[in-house]
Amino acid sequence: MRGFSSRHGILASAIILSSVSLGLGPKAQAADSFGSFSLQSARGYSYQRGAAPDGTRAERFELRSGDCPASTGDCQKDRERVEKWENKPASRLDHEYWYHFSVFIPKDWPASGSINTKLGQFHQFGDGKPPVLFQIQNGRYIFELSNPSVRQADPMRPLPPLRQVGLGSANAMKGHWTSITVHAIWSRTQAGFIDVWVNGAKKVGVKGPNVDRDVPVYFKYGVYRSFVSRLKSDAPLVVWYSSIRRGSSQEMVDGTQ
């Protein structure tokens, strides 16, 4: 994959764009750009638009101890979050999509040990586990693919994933933008695949089924953590996002146009 250059000035979630279908062959009629996003937050400080530490216009998410939106039931389930989630129609199964997001964590980002802090998710509507997580755990930023052959009834009793891939250390991410590009066909068949690039370097390539039910896949971003009663530190978490994009080609999302 060539031609990567991150431009963080575009915030696709800040505007609602109409979906445009392009002819991509028999496998895909993928929508270009995301539609609208909704915010899950507990406090006024949780979400703002402004400048990241490097001056880039971005979306700022802040999670403090006890921040659990009433609509999510997190307070009763040992979870905390501030996230934006994509509204329907989202991404259809058995269609080809490209995605991009850039994430920035500050230099004073606290260590969280074995507690997983999710910074980007691909989820499915309805009850069940997300197909793909991007999360910091034990000092590493990790790609996690859930096992599509098993349904998970209780998110607080997580099942073993099908695959985990380390994308880099959390320390290396501090004070810098990390650019994530995803190329996927979400499917319950062997036609499915997921490829992931981090700062232009390919890190993940998996083929085969990658979802466990026949409903669309949507993107979430912000800060989410579970099993918070195990935390040894309740320091606030602040993260910035920019360049949130979905498209039908690499060129539409990787910042070259």
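In the predicted model, His100 has Arg245 of strand S16 as its bridge partner. This bridge belongs to the pairing of strand S7 (residues 96-105) with strand S16 (residues 237-247), in which six bridges are found and the sense is antiparallel. Strands of a sheet pair through backbone hydrogen bonds, either parallel or antiparallel. The two strands are part of an open sheet of seven strands, arranged in the order S4-S5-S16-S7-S12-S13-S14 with antiparallel pairing. The edges of the sheet are occupied by strand S4 (47-51) and by S14; each of these has a single partner strand, so one side of each remains without a neighbour in the sheet. On average, and with direction ignored, neighbouring strands of this sheet are turned by 25° against each other.

At the S4 edge, S4 and S5 are paired in the antiparallel sense through five bridges. Within this pairing, Gly50 is matched with Ala58 of S5. The two strands form a hairpin in which five residues separate S4 from S5, and Gly55 in the turn adopts a positive phi of about 95°. S5 is also joined to S16 by five bridges, and these two strands run antiparallel. Here the bridge partner of Leu63 is Leu237 in S16. S5 is mostly covered, five of its seven residues being buried.

Charged side chains provide further links. Side chains of opposite charge can pair when their charged atoms come close. Twelve salt bridges are found in a search of the whole structure. One of them joins Glu59 to Lys84, with the closest N and O atoms 2.9 Å apart. Glu59 belongs to strand S5 (residues 57-63) and Lys84 to strand S6 (residues 79-86), so this pair ties together parts separated by 25 residues in sequence. Both partners are buried: the relative accessible area is 0% for Glu59 and 5% for Lys84. Because buried denotes a relative accessible area under 20%, Lys84 at 5% falls into this class despite its charged side chain.

A second salt bridge is formed by Arg81 and Glu83, whose closest N and O atoms are 3.3 Å apart. Arg81 and Glu83 are both buried. A further salt bridge links Asp212 with Arg151, the closest N and O atoms being separated by 3.7 Å. Asp212 is located in the loop between strand S14 (201-207) and strand S15 (217-226), and Arg151 in the loop between S10 and S11, so the contact ties together parts that are 61 residues apart in sequence. Asp212 is buried, its relative accessible area being 6%. Through salt bridges that share partners, Lys129, Arg151, Asp212 and Arg213 are joined into one network.

The loop between strand S10 (140-145) and strand S11 (163-169) also contains Pro161. This residue is partly exposed, with a relative accessible area of 32%. When residues up to four places away in sequence are not counted, Pro161 touches Glu144, Leu145, Ser146 and Asn147. The C-alpha atoms of Pro161 and Val150, which are eleven residues apart along the chain, are separated by 9.8 Å.

Aromatic side chains were examined next. A pair of aromatic rings is described by the distance of the centres and the angle of the planes. The structure holds 24 aromatic pairs. Among them, Phe34 and Phe37 are arranged edge-to-face, with 5.3 Å from centre to centre and 70° between the planes. Phe34 and Phe37 are both buried. The pair of Phe101 and Phe219 is tilted, with a centre-to-centre distance of 5.4 Å and an angle of 40° between the planes. Since Phe101 lies in strand S7 and Phe219 in strand S15, this pair ties together parts that are 118 residues apart in sequence. Phe101 counts as buried at 1% relative accessibility, and Phe219 is likewise buried, with a relative accessible area of 2%.

Charged groups are also placed over aromatic rings. Arg64 lies over the face of Tyr45, at 3.6 Å from the ring centre. The charged end of Lys88 is positioned over the ring of Phe125, 5.2 Å from its centre.

Terms used. Residues numbered from 1 in each chain as written. Predicted model: local features only at pLDDT ≥ 70, side-chain atom pairs only at ≥ 80, totals over all residues. Heavy atoms only, no water. Helix = DSSP H or I, 4+ residues; strand = E, 2+ residues; numbered from the N terminus. Buried < 20%, exposed > 50% of the residue type's maximum accessible area, 1.4 Å probe, protein only. Contact = heavy atoms within 4.5 Å. Salt bridge = Lys/Arg side-chain N within 4 Å of Asp/Glu carboxyl O. Pairing = 2+ DSSP bridges. Axes fitted to C-alpha atoms, helices over the stretch in contact; angles between N-to-C directions. Phe/Tyr/Trp six-rings, centres within 6.5 Å; stacked < 30°, edge-to-face > 60°. Lys NZ or Arg CZ within 6 Å of the ring centre and 35° of its normal.
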